[in-house]
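Biologist: I have the sequence and the fold open side by side. Can you walk me through what the coordinates say?

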Amino acid sequence: MVNEITIPCSAEQEDVIADHLLYGGELGILPDERAWIRNHLHRVNPHAKVIGAELDIENAKWIVQIM
């Protein structure tokens, strides 16, 4: 069964989002952001497996699908 959890973006990812929205910079996931998501997820549910993630740029949050 797949569930969703919301995780805030890191400060660095928020900077990428702001650069994208304000100056048209490239929007992408930072390499360390995957570890950020995993660490936050495992605090809440240590046995969860990430299936996918969507970036909610308006709220600077990740919507993470977990199993």
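Modeller: Contact here means heavy atoms within 4.5 Å. Keep in mind that this is a predicted model.

Biologist: Which residues is Ser 10 in contact with, leaving aside its neighbours within four places in sequence?

Modeller: Ser 10 is found in the loop between strand S1 (3–8) and H1. Neighbours within four places in sequence are left aside. The contacts of Ser 10 are then Glu 33 and Trp 36.

Biologist: Is Ser 10 buried or exposed?

Modeller: The cut-off for buried is under 20% relative accessible area. Ser 10 has 2% relative accessibility, so it counts as buried.

Biologist: Which backbone nitrogen does the side chain of Ser 10 reach?

Modeller: The target is one of the buried residues of H1. The distance is 3.1 Å, and the nitrogen belongs to Gln 13.

Biologist: What span should helix H1 have, at 1.5 Å a residue?

Modeller: H1 covers residues 11–23, which is 13 residues. The expected span is 1.5 Å times one less than the number of residues. The end C-alpha atoms are 18 Å apart, which agrees with the expected 18 Å.

Biologist: Which residues of H1 are buried?

Modeller: An α-helix has 3.6 residues a turn, so residues three or four places apart point the same way. The buried set of H1 is Gln 13, Val 16 and Ile 17. They cover an arc of only 95° around the axis, which puts them on the same side of H1.

Biologist: Which residues are exposed on the other side of H1?

Modeller: The buried residues pack against helix H2 (33–44), strand S2 (50–56) and strand S3 (61–66). On the other side of H1, the exposed residues are Asp 15, Leu 22 and Tyr 23.

Biologist: Which element gives the most to the largest nonpolar core?

Modeller: That core has 11 residues, among them Ile 17, Ile 37, Ala 48 and Trp 62. S1, H2 and S3 are the elements that give two or more residues. With 3 residues, the most comes from S3.

Biologist: Leaving aside neighbours within four places in sequence, which residues is Ala 48 in contact with?

Modeller: Ala 48 is a member of the largest nonpolar core. Outside those close neighbours, its contacts are Leu 41, His 42, Ile 66 and Met 67.

Biologist: Which residue in S3 is the bridge partner of Asp 56?

Modeller: S2 and S3 run antiparallel, joined by 6 bridges. Their hairpin has 4 residues between the strands, and Ala 60 takes a positive phi near 50° there. The bridge partner of Asp 56 is Lys 61.

How values were computed:
Residues numbered from 1 in each chain as written. Predicted model: local features only at pLDDT ≥ 70, side-chain atom pairs only at ≥ 80, totals over all residues. Heavy atoms only, no water. Buried < 20%, exposed > 50% of the residue type's maximum accessible area, 1.4 Å probe, protein only. Arc of directions from axis to C-beta. Polar contact = N/O pair within 3.5 Å; in protein donor to acceptor, adjacent residues only side chain to side chain. Core = buried A, V, L, I, M, F, W, Y, C linked by side-chain atoms within 4.5 Å. Pairing = 2+ DSSP bridges.
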